[in-house]
Amino acid sequence: MSTVLTLLCLCSLTLWTTADGKVLTPQLTSRIEAFVENLMQCRKGVGLSLAVVKGNETWTRGFGMADKASGRLVNSSTLFGIGSVTKAFTSTILAMLIEESRGKYTWQTPIKDILGNDFQLADEYLTSHVTIKDILLHRTGLTTSIISLYAGYPATFTREQFTNRLQYLPASGLFRDEWNYNNWMYGLAGRVAEVMGGASWEELLHQRIFQPLQMNDSRVIGYDVEVDVDNFALPYVYVRNELVLSDPVIYHIHPDEPAGAIASSADDMAKWLSWHLHGGVTSDGDVILNKTTLQDMYTPRIILSPQKLTSDAMLKPQFPVTYQDFGYGYAWVTSSYRGYPIVWHSGGINSYITYLSMLRDLDLGIFMTTNGYKSSDVKYTLEEILYYITDLFLGEEPWLNTTNACQFPQPWVNTTGQTPSNDTNIVPGNIENPQDFAGQYENRLFGNIVVAQNGSNELLVTYGRITGKLYKTKDRNVLVMEIYGLLEFLTHPGDSLQYYNLTFTRGDQNVKYQQLLFSAATQGPTETLVYSRTNVSAPTGDTLIGRYQVVWHSGLLHRYDTRLYLLKDVDLAVFITTSGHEDRNVKLTIQEIFFYITDLFLGEEPWLNTTNACQFPQPWVNTTGQTPSNDTNIVPGDIENPQDFVGQYENRLFGNIVVAQNGSSELLVTYGRITGKLYKTKDRNVLMMEIYGLLEFLTHPEDSVQYYNLTFTRGDQNVKYQQLLFSEGPTETLVYSRVSDSASPSDTTNGSSKTLLFPIVTAFQCMVVQMLVSTIL
């Protein structure tokens, strides 16, 4: 029976063969064109590029628009982002390097043996045992979330630096237990290739694949091409059911390019397919990878996840044909259609959705890529084209045609009302206690998320390129985020709403939330990332700005305010010093200058500019009415029993403070260069000092009043106070003990000389900082 069926297929194929033996005849390609054009029209696609390879024959064709505004059409050399179809290029580079190593490296070589002791993963066992095979098969068990790729990394953040931080990527499953698709592992694979090959992944790609295969159109997005150049299909997306151009910057997925950053054309991808179908032999007859190694790459080595096994399956009797995914190799999915094995991979990068497949038993390869489809339509469109073309080459009458294709998957599957949306989780009303959520939350691998409260008590999120607004849900600690700006299509992809979940947690004793768990509503636990609250106002430290480690220190000497920042990863030092600024403004000014300069050197468009800098930190933080003042602690009236406070108080390191009573029974203070007057508070033993004279700006810095606290204490049998506690805060309190009841000015000389010590130390620190900067630069 099988022989008869085979003969029937061969007889059918002869119907499409011309006298010279060609299979890709005008009659056959015209049927394909009519089918694709019908789908383009009914599904409202913008552009599509198609390549079909059959044996030694190739047919490529463009459909629709590359640029709607200019009317530029898609042709066979138009570039599209091919997304995760890039992964097979990365695995191929590794296969070439393994072959050339003559046994030094294999698929089973531990990554640590290649990258060395700097390579660390979530635990020691994983670090020691994970291999090239493990990372290519998506079976490491590590968290998979790619939200930080939308947020973006600085252009100067290297693949090596990223790899060195993979120790902060948590495990969410068991090692080698199941298939769990992970883009980060292909970024790691690219770094492994760099170390093995002695060149960057981009250089290896061009030298080892693009050049030998004469893929002259192909590029790497963000490396040697941008998506808005003239020969690129422009990146249209749907936002709230409106077709708009997306921003080219969101197509930069650095440093994870080995997972999905190739841009290619139908012409070039036909060459890639032909090379595979010819067993690793180029059009010039050169063997650049053995056929057995290619077969090794296609072979499924891990079963797909249960969700993946069932999501795209077509089984009889529900469908007239069968389709089933079942396994994964080295960047190749293995499936079957009508009983024929297919190896394939898809790719998606925002606007661009791509599908590439090979039916090697038929010597057939198909490549399709699109821009500007609705997410709900593009998947069906590419599947239908695959089934239709495959049926033609199988000699079968296609079960999809121009009559029923626009309704697919109906009538076989009822999709009415299946537009996903999770806006029903939102409840009306303001978020309770928004200040408990506000703050900066850090992930050592994926950077910082800032939650800020605006003047309307709304909570806004800033995370790299992601900006959003938070809404209340029935769970007080769970908020959902609507994204706006560059990436608005993520929450408004068409006529549906897809919010992101932000779950906040706090320790037992904390009022403010201490952790933020970030996940998409449609994603599971393997897509959740944890960010921990970080103190960004610490006077010195080791901070992650975006995704770069910054060490810094500040110096203050009255009106001179200085800061030194070092970004060791990018060999950058920034020194800033000021004089004469108001206290409230100087810190903001220095921060803004640092952020602006750093953005320039990181290759990022500065988020602060001449338009918004003068209002910083507004609108992100509401500072209205935040001018600090503590004059409300003063109560009217004379100080009771002022003679009990009068006297000289000594600190053996910091000198003497003299409290004297004048003719009006006021209490005056002399402490070296400091002169001041004391005022009564509700606590009899606590007085507040207003400074005048040389240092008056200390209590009247701007339009606020900042008094100093002087707390007096006495022993059990004493009438006069015996100790003076001089403070600005609990960690700034100094104790001075009574040494004399006299307030003679002659007693203050020693105190005056001693009070110079602290300013001298501070000035010395500033000098050291300046010397350090000059040395570094």
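Which residue lies over the face of tyrosine 238? In this predicted model, where local features need pLDDT of at least 70, side-chain atom pairs count only at pLDDT 80 or more, and totals for chains, interfaces and linings use all residues, it is lysine 374, at 5.5 Å from the ring centre. Residues are numbered from 1 along each chain as its sequence is written, and side-chain values use heavy atoms, with hydrogens and water left out. A charge is taken to sit over a ring if NZ of Lys or CZ of Arg is within 6 Å of the ring centre and within 35 degrees of the ring normal. Arginine 506 also lies over a ring face, that of tyrosine 513, with 4.2 Å to the ring centre.

Rings also meet other rings. A search of the whole structure turns up 48 aromatic pairs, a pair being two rings of Phe, Tyr or Trp (its six-membered ring) with centres within 6.5 Å; planes under 30 degrees apart count as stacked, over 60 as edge-to-face and the rest as tilted. Tryptophan 399 and phenylalanine 408 are edge-to-face, because their planes stand at 70°, with 6.0 Å between the ring centres. Tryptophan 399 counts as buried at 10% relative accessibility, and phenylalanine 408 is buried too, at 4% (buried means under 20% relative accessible area, exposed over 50%, partly exposed in between, with a 1.4 Å probe and protein chains only). Phenylalanine 595 and tryptophan 607, by contrast, make a tilted pair, 5.8 Å centre to centre and 35° between the planes. Phenylalanine 595 belongs to helix 16 (residues 583-601) and tryptophan 607 to the loop between helix 16 and strand 27 (647-651), so this pair ties together parts 12 residues apart in sequence. Helices (H or I, at least four residues) and strands (E, at least two) are DSSP runs, numbered from the N terminus. Tryptophan 607 is partly exposed, with a relative accessible area of 39%.

Back at tryptophan 399 and phenylalanine 408, ring pairs link both of them with Phe319, Tyr323, Tyr337, Tyr380, Tyr387 and Trp412 into a cluster. Two of these cluster members, Tyr323 and Tyr337, are also bridge partners, with tyrosine 337 in strand 11. How many residues of strand 11 (residues 333-337) are buried? Five of the five are, so the strand is largely enclosed by the rest of the structure. In a regular strand the side chains alternate between the two faces of the sheet. Here both faces are covered, with Val333, Ser335 and Tyr337 buried on one side and Thr334 and Ser336 buried on the other.

Strand 11 has neighbours on record here in strand 10 (residues 323-328), joined to it antiparallel by five bridges, and in strand 12 (residues 340-349), again antiparallel with five bridges. Strands count as paired if DSSP finds at least two bridges between them. Tyrosine 337 stands opposite tyrosine 340 in strand 12. Both connections are hairpins: strands 10 and 11 have four residues between them, with alanine 331 at a positive phi near 80°, while strands 11 and 12 have two, with arginine 338 in the turn at a positive phi of about 55°.

Elsewhere, three strands form an open antiparallel sheet in the order 4-8-5. Strand 4 (80-81) and strand 5 (219-220) stand at the edges with a single partner strand each, so one side of each is left without a neighbour in the sheet. Two bridges join strand 4 to strand 8 (residues 262-264), and phenylalanine 80 has serine 264 as its bridge partner in strand 8.

Charged pairs come next. The whole structure holds 29 salt bridges, each a side-chain nitrogen of Lys or Arg within 4 Å of a carboxyl oxygen of Asp or Glu. Glutamate 202 meets arginine 159 at 2.9 Å, N to O. The former lies in helix 10 (residues 201-210) and the latter in helix 8 (residues 159-164), so the pair ties together parts 43 residues apart in sequence. Both residues are buried. Glutamate 458 and lysine 469 form another salt bridge, with the closest N and O atoms 2.8 Å apart. Glutamate 458 is partly exposed at 28%, as is lysine 469 at 21%.
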